[in-house]
Every structure is written in C-alpha cells, then in structure tokens.
Amino acid sequence: MTFDQILGHEHQKEILRRGLVNGRIAHAYLFSGPDGIGKRLMAMALARAIVCLEQRGCGHCQACRKIDHQNHPDLHILEPDGSSIKIEQVRAFQRDLNLKPLEASRKICMIEQAETMTAGAANALLKTLEEPRGDTLLILLTAQPNRLLETIRSRCQPLPFTRHPNSRIQAELEKQLGIDATESHVLAALSEGSFKKAFGKDRELYLEQRRDLLKTLTGLSSGSILPILDFAEQLAADKTILIDILEIFQAFFRDVLMTLEGRGDEELVNLDLKHKVHRVAAHENVASILDKLDALMTVRRQLDRNVNRQLAMEVLLLKLAA
Amino acid sequence: MAYLVLARKWRPQNFTDLIGQEHVSQTLANAIRSGRVHHAFLFTGARGVGKTSAARILAKALNCEAGLSDQPCGTCASCMEITASHGLDVIEIDGASNTGVDDVRELRENIRYLPNRSRFKIFIIDEVHMLSTNAFNALLKTLEEPPEHAKFIFATTEPHKIPITILSRCQRFDFRKIPTSRVAGRLREIADAEKLTISDRSLSLIARQGEGSMRDALSTLDQVIAFSGDEVEDDAVQTLLGMVDRRLLLDTVEAVLQRDSRRALDAVRRIDQLGLALKQFTQDLLEMFRGMVICKVVEDPAEMLDLVGDELKGLKTLAEEASLEDLQRVVTLLLKTQSELVNSNYPLLTLEMSLVRLANLSPSQNLARLISHIESLEKRLGETAPPPRKMPSAQPRPAQETPPPKKPEAPVAVKTANKGWQGLVEQVRQSRPMLGSVLEHGRPLKLELPTLEIGYPNGSFMISQLQEQQITQDLEALATAYFGQPVKLLVSGIDSSQQSAPPSLVETRQAKETDRMRRLREDAVGHPALKSVQEIFNGTIKKVIPIDKGFV
C-alpha cells in the first residue's frame with residue numbers, strides 16, 4: 001500500500017512525504033487517532049517508502065513485498081501479548097534494536113496499541129525512545145494517546161489522525177457494497193469515521209437489529225416493569241455486541257436531542273427512522289434527553305469496570321423509560 | 001548519520017544553555033567552584049525540562065580535562081565522549097530496563113574499580129523510579145558512603161516512588177516547568193540557527209503547546225518544519241496544532257452567553273467538518289472562558305493572559321456581558337467535559353451535550369442579592385410570627401402533645417409545667433445529647449422555680465452521674481438559660497415502686513406506646529374480617545404488628 005492508495009489523511013501524508021524528501025524523518029513518531037482509520041496502513045506505507053529499493057515505496061520490489069508480507073528482517077512489530085505489551089517483550093525488542101539493520105538503511109519498529117504497554121514496559125522504552133541506537137525509526141500507534149505516559153508522548157513526534165468525514169465513508173460504502181443512500185448514511189454515521197467499523201461484521205446489527213432494538217426501546221413505558229426487565233436480560237446476554245447496542249441508543253437519543261434543538265434532518269443518524277425520532281421528540285424536553293444521554297454514558301463507563309451487566313442494563317432501561 | 005530531531009540536536013551542552021533552571025545550575029556551579037560536590041544527586045521534574053541534560057552537563061563539568069569547573073570546555077576528549085554518550089567513566093544506566101537487584105549488585109561490583117582516566121566514575125541512573133524495592137535497598141549502603149571516586153546522579157519524573165532512605169542520601173534538585181516566554185526565546189534561537197523563517201506568534205503558540213516542557217515544544221517545532229519546510233506560515237502552524245479559528249471560538253462563546261444552543265451546535269458541526277480535534281476545541285474554549293473570568297477579577301489582566309491589543313479588548317467586551325457566577329459555572333462544566341472527552345467513545349456527542357447544557361443554563365442569580373432577599377423575607381416574617389421560644393411557658397401544651405387521658409395517675413401539677421420540663425429536656429438534648437437522655441429518664445418531682453427537683457430510682461447510675469459537680473453546674477446553666485431565671489437543681493432518689501411521682505418522659509412514651517398497642521389490638525380483634533377468618537380457620541391471634549413501624 002503506497003501513500004496514494006490510502007484514502008484521505010492528505011495532511012499526514014504530506015508531512016511524511018516532505019520528511020522523506022528532506023531527509024527529516026524523526027526517530028520516533030506517535031500516530032494517534034480513532035481505531036480503524038488507517039494509522040497502521042500509513043505506518044506500513046512509511047516503512048515501505050523507507051526500505052524500498054527504488055526509494056519510493058513502489059510496491060513491486062522485493063523489499064516492499066517483504067514489508068507487505070511482514071517478513072522484512074528490519075521490520076519489527078510489537079503487539080499486545082494478551083491484553084498488554086509486557087516488559088519482557090520490550091526487552092527482547094530492545095535487544096533486536098541493538099543490532100545493525102540487515103537489508104534496509106534503518107530498522108523500523110511499529111508498536112501497535114501502544115497504550116496497552118504496562119507501566120514497566122513503557123518506562124523501559126523511555127531511554128530507547130529518546131535516543132535509539134543507530135538509525136532506528138519507531139512508530140507508536142494508539143487510539144488513546146492520553147493513556148500513554150507523558151514522558152512517552154513527549155519523546156515522539158506527534159502525528160494525530162482525524163476521523164474520516166461521513167461523506168467519504170458513505171461514498172465508499174456505496175461504491176464497494178452497492179447499498180442505497182439511506183443505509184449507507186446510517187452505517188457511515190454509526191461507524192464514527194472508522195472504515196473498520198463501517199465494513200466490519202456489525203453491518204447486520206447496525207441495519208436490521210437496530211430497528212427492532214429501537215422499536216422495543218421506545219415501546220417501553222415506566223409503568224410496566226416486566227418488559228423492561230425482559231429487555232434488560234436480552235441486552236445483557238451478549239457481551240460482545242452490548243457496547244454497539246449502547247452506541248445505537250446513544251445515536252438515537254442524540255437524534256432526538258438534535259431534533260429538539262431544531263437541527264435539520266440531514267444531521268440525524270437514523271434517517272430511516274425519522275418519524276420515530278420526531279415522535280419521541282414530541283414528548284420529551286432537552287433536560288430529560290440530556291439525563292438519558294448521561295445515563296448511557298455512565299453505563300458505558302461502568303461496563304468498562306466489569307459491573308453486573310444485567311443490573312446495569314435494568315437501571316439504564318428504567319432511566320430511559322422514565 | 002540520519003536526521004537528528006531538534007530536541008536531540010539542541011540538547012544543552014553547558015549550564016548556560018539550560019534555560020529556566022537557574023536555581024539548579026547556580027547551585028551546582030557554586031558547589032563545583034567551592035569544591036563541595038556531594039556524591040549523590042537526585043534530579044526531579046516534569047518531562048522535557050532538562051534533567052538528563054543537566055546530569056550530563058554535571059558529569060562533563062566533573063570530569064573535564066581542563067579541570068574541575070562549572071564551564072566544561074566541550075572540546076577535551078572526556079567532554080566529547082560524554083556528548084556522544086560513550087564515555088568510559090560516565091555510565092548511563094536505564095533504570096527502567098535494569099530494575100532488578102542483580103543489576104544493582106553488578107553496579108556495586110563495578111564501583112570498586114578506579115576510573116579509567118577521568119577524575120570520577122559517574123553513574124547516571126535515568127528513570128530511577130522504576131528500580132525495585134530490593135534494588136533500592138541494595139543501593140543504600142553504597143549510596144551512603146561510596147568510594148571517593150564515585151558520583152551518582154539520579155533522574156526521574158516521579159520522585160514520590162523513591163524510598164525516603166534513598167531521598168535522604170541524595171541532594172535533591174527540583175526542576176521547574178519552563179515559562180512559555182523562555183521556551184519561545186530558546187525556540188527563536190534555534191529557529192535562527194536552523195535558518196527557519198517563522199513568526200514570533202507561531203513560536204509562542206508552539207511554546208504554549210509544550211506546557212512548560214522544552215522537549216515537547218521542540219517536538220512540535222519538528223512537526224511544523226516537517227509539514228511546511230523552512231518557511232513556516234502562521235496558518236500552517238495553526239492547522240497543524242489543530243488550533244481552532246478564533247472567529248469560530250468567539251462565535252461559540254457568544255452563542256453560549258446568549259443561550260443560543262442552535263448556534264453553538266452549528267459551531268460543533270463546523271469543527272467536526274473541518275476535522276479538528278474536539279479536545280483541542282474544548283481546551284481553547286475553556287481558555288477563552290478562563291480569560292473572561294480573569295478579566296472580571298483582575299484589574300490588569302494583560303500579563304496573566306499573555307494577550308495583547310485586539311484580542312484582549314475583545315475578551316474584555318465579552319466578559320462585560322456575562323456575570324462572574326455564570327462564567328464560573330461555564331468553566332466548571334467545561335472542565336468536566338474535558339475530562340469526559342478523554343475517555344468518551346462518542347466525543348462528538350459529549351461535546352454537543354455539554355454545549356446544549358451550557359446554552360440552557362438558567363442565568364444565575366447574584367448570590368449576595370439572593371441572601372439579602374432571604375434576610376429581608378426573614379425579617380418580615382419575624383414581625384408577624386411569635387418570638388422564638390424563650391420565655392418560661394407555663395401555658396398548657398398544645399392538644400396533641402398532652403399525655404393521653406388514659407393516664408389517670410399523672411398528677412395535674414406536672415401537666416401544667418410539662419411544657420417547661422419537656423421543653424427543657426429537648427433544649428438540653430440539642431446541645432448535650434448524653435445529658436438529655438439522662439434527663440429523659442428522670443421524673444420531674446418539683447418544678448417550682450427557682451427549684452427544680454429531679455427524681456431517679458434509688459441507686460441508679462443516673463443519680464451518680466447527675467451528682468457530679470461539673471454536670472450539675474452545666475445543667476443549672478442550661479436550665480437558667482432556658483427559664484430565664486436562676487435555677488437550683490436538686491437530685492433525689494425515689495423508691496421505684498412509688499407511684500405518686502410524675503412519670504419520666506421515657507415512661508410516658510412507653511405508656512403511650514403500650515396504650516396504642518392495646519387499642520390497635522382491640523381494633524384488630526374487633527374487625528369483622530378477622531373474626532370470620534378466626535371462625536373459618538379456627539385460629540388464634542398471636543401477635544398484632546402495626547405496619548407503620550418496622551414493616552413495609
């Protein structure tokens with residue numbers, strides 16, 4: 001993948017290109033930005049541009065192909081082992097870095113999900129990151145730069161990536177999947193600027209189940225408690241998609257909020273459920289919607305901390321149905 | 001050699017380059033000049049303020065071949081080696097990678113040997129906070145009395161993780177964050193040396209981004225150069241830093257102040273379309289409001305705000321429109337939003353919610369005015385309402401407080417004085433809860449001012465308590481305050497079977513309770529439904545429980 005094949009991120013491409021041309025590539029970069037927007041692709045493209053035998057990341061030469069297959073001897077990739085990057089991994093990696101590059105002009109190391117480094121691992125990396133031996137290029141990738149140590153952040157040249165505009169994702173969805181404009185709008189809006197999400201396996205959830213879920217949700221009333229408990233049980237059952245479902249709820253209530261604030265329909269996520277949004281908006285006010293959105297945010301934070309899922313869902317639904 | 005980032009290329013090489021840390025460099029220079037160099041130093045401070053650099057400079061100064069001086073020559077073999085970080089006698093250890101006790105033991109082995117050719121053998125341990133407890137402890141003896149030729153320099157960002165036994169053996173230097181103006185000044189020097197064209201405004205923006213850290217600022221400058229080459233435009237810096245256009249910011253501020261949520265949401269939408277970082281936007285917004293708060297409370301805010309001319313004037317006019325309370329509330333809410341944004345998985349929504357909330361804040365009332373309002377209300381009420389309980393009240397108590405008529409043994413005399421006694425007990429209980437509960441058990445034998453006689457069953461614990469002089473005095477003082485005339489307190493023992501004495505408050509309450517229970521039972525037994533249940537099931541009534549106490 002060359003720079004040209006990566007969609008968007010013109011700014012970032014330009015910075016790296018110039019760096020390559022002027023020989024001003026720093027020794028450590030921090031690529032930060034939401035998941036699935038192309039940080040890794042960009043890092044790979046940069047790696048290729050550096051090792052390429054034709055000096056331009058052609059994609060055909062031996063070196064480029066090795067990078068593509070991730071078996072270039074001078075490309076080191078550090079990934080979380082389990083849930084985190086551990087200090088042993090960092091130490092092994094530092095030993096590798098002490099050796100001279102084999103084929104390319106410099107060694108290239110990518111640290112994926114850098115925020116998962118344990119405190120020990122991160123600290124062990126500090127000296128390397130500040131003054132690596134020889135011609136080493138370190139690229140840290142992270143979706144949550146704020147969870148990195150300040151000392152790590154300060155040692156890297158930051159290169160923040162922004163999410164893709166919805167229009168770009170929508171166009172791409174329509175082109176590649178051949179779905180209609182409304183569906184692609186919903187998908188693009190729910191994907192939060194991430195290609196990974198938009199094209200991922202959640203499509204069915206986002207399109208089909210969403211309608212049923214929202215129908216059940218808006219059908220709940222504070223008077224009848226049993227349906228609420230049933231629905232909570234149903235939601236809590238599947239841990240993997242729960243977060244996505246909550247996202248759908250958030251998007252829905254955001255739509256209601258936007259409608260209440262008198263924004264146009266084009267800003268809605270759930271374009272296909274316009275009428276439902278308007279109906280809900282008719283008997284809500286801004287304060288109550290803000291409360292509900294708050295409840296959703298709270299529950300998402302709680303889920304990160306391993307609360308009792310069913311209980312959390314019951315509380316949430318009681319608040320949402322109020 | 002590949003390209004060196006500015007932070008490495010321009011690492012300070014002598015004490016004069018080390019800006020913003022004069023308190024450190026002067027102390028060290030004086031120590032060196034007077035030959036009173038400690039053997040262990042601890043450098044602490046935030047990231048990128050010069051700890052590692054200072055350690056290296058100190059090493060150079062100590063080992064310079066031109067003699068021990070606070071101005072290392074930078075040209076002798078020793079200085080050159082240290083600059084290139086492969087000095088034989090300056091051993092730089094990565095504390096975070098060599099954390100174990102074995103690493104320290106190895107160091108202790110090494111320390112015995114004399115330096116190869118320099119004056120001192122210097123151990124720089126960077127990121128020393130990551131050493132294990134055992135490693136620290138293994139170091140203690142060496143650190144207390146190292147050989148004459150050894151010097152230790154520790155550097156860390158987290159001094160609180162270092163055991164106090166280590167701290168007490170080191171000379172500690174706290175590095176400060178570098179003021180923005182100093183960072184900008186240094187950036188200017190570097191920019192000139194690198195033949196960069198860049199405006200002062202951009203440099204100060206970059207410096208501010210660094211938040212007191214030179215390395216952060218230099219990393220950003222690197223980024224700027226990478227983006228725009230040697231000719232740096234102001235616009236380019238703004239875009240690169242994700243700075244939000246000031247007009248857009250002003251628009252949002254105005255929208256919030258005029259409670260126009262639609263316009264505020266418009267701004268968010270524009271930010272989103274431009275692909276700017278929402279976090280940066282919130283930060284900028286927060287800074288605007290902070291500026292306005294400062295404009296409100298400080299007479300000459302120019303210095304505190306780092307703003308000049310039009311920007312300051314604009315901020316001042318904006319600040320005039322809003323009240324201080326409102327601004328503070330906005331700042332509080334924005335601060336909360338800022339921390340929420342960091343962990344939010346739907347940042348756009350978080351920001352939108354926050355702005356809608358800000359725009360819907362009901363205008364705050366001036367607190368002082370509210371208070372004076374309440375006070376005047378109180379005064380008006382006070383004129384019509386009876387004065388608060390103060391006088392001795394011999395008047396009969398209100399109907400519902402009289403003891404139930406089922407209590408024939410209650411003497412009439414006490415009934416009239418009851419308010420007095422009960423009131424006194426309540427009063428005492430408010431200020432002295434323990435004493436109050438003692439009084440509750442007492443029987444008011446005589447309440448004919450100025451004499452108050454309280455009776456307790458003979459030999460009870462309470463008698464002995466009340467007979468203590470201190471307590472008697474306290475109680476008399478309280479009673480005096482309550483009745484508004486001097487009171488003489490008498491405590492006497494009574495025979496517990498004696499029926500003539502008026503009941504204590506506790507007894508009254510118990511009597512009331514059993515009386516109520518009896519009536520409840522009567523009611524329950526007499527109830528037709530219960531009767532038929534008894535008949536059908538041939539049951540008996542075991543217990544009657546009032547559902548208002550303890551149940552349901």
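## The interface between chains A and B

Chain A and chain B bury about 5000 Å² between them, and 49% of that area lies on carbon and sulfur atoms. The size of an interface is often given as the accessible area lost when the parts come together. Please keep in mind, as you look around, that this is a predicted model.

Who takes part? Chain A brings 53 residues to the contact, and chain B brings 52 residues.

## Polar links across the interface

Let us turn to the charged and polar pairs. Between chain A and chain B there are 11 salt bridges. One of them joins the side chains of A:R24 and B:E194, with an N to O distance of 3.4 Å. The two chains also share 21 residue pairs in polar contact, counted with both residues at pLDDT 80 or more.

On the side of chain A that touches chain B, the elements giving two or more residues are the helices α1 (10-22), α4 (87-97), α5 (119-130), α6 (150-155), α12 (239-260) and α14 (286-304), along with the strand β5 (157-160).

## A nonpolar patch on chain A

Another feature to look at is a nonpolar surface patch of about 340 Å², made by A:I225, A:L226, A:L229 and A:L318. Helix α11 of chain A, residues 225-237, supplies the largest share of this patch, with 3 residues.

Is A:L226, a residue of helix α11 of chain A, buried or exposed? A:L226 counts as exposed because its relative accessibility is 59%, and the cut-off for exposed is over 50%.

Technical notes
Residues numbered from 1 in each chain as written. Chains lettered and ligands numbered in written order. Predicted model: local features only at pLDDT ≥ 70, side-chain atom pairs only at ≥ 80, totals over all residues. Heavy atoms only, no water. Patch = residues over 30% accessible without salt bridge, like charges linked within 9 Å, V, L, I, M, F, W, Y side chains within 5 Å. Areas by Shrake-Rupley, 256 points an atom, 1.4 Å probe, with all protein chains shown as cover. Salt bridge = Lys/Arg side-chain N within 4 Å of Asp/Glu carboxyl O. Helix = DSSP H or I, 4+ residues; strand = E, 2+ residues; numbered from the N terminus. Buried < 20%, exposed > 50% of the residue type's maximum accessible area, 1.4 Å probe, protein only. Contact = heavy atoms within 4.5 Å. Buried area = accessible area lost by both parts, 1.4 Å probe. Polar contact = N/O pair within 3.5 Å; in protein donor to acceptor, adjacent residues only side chain to side chain.
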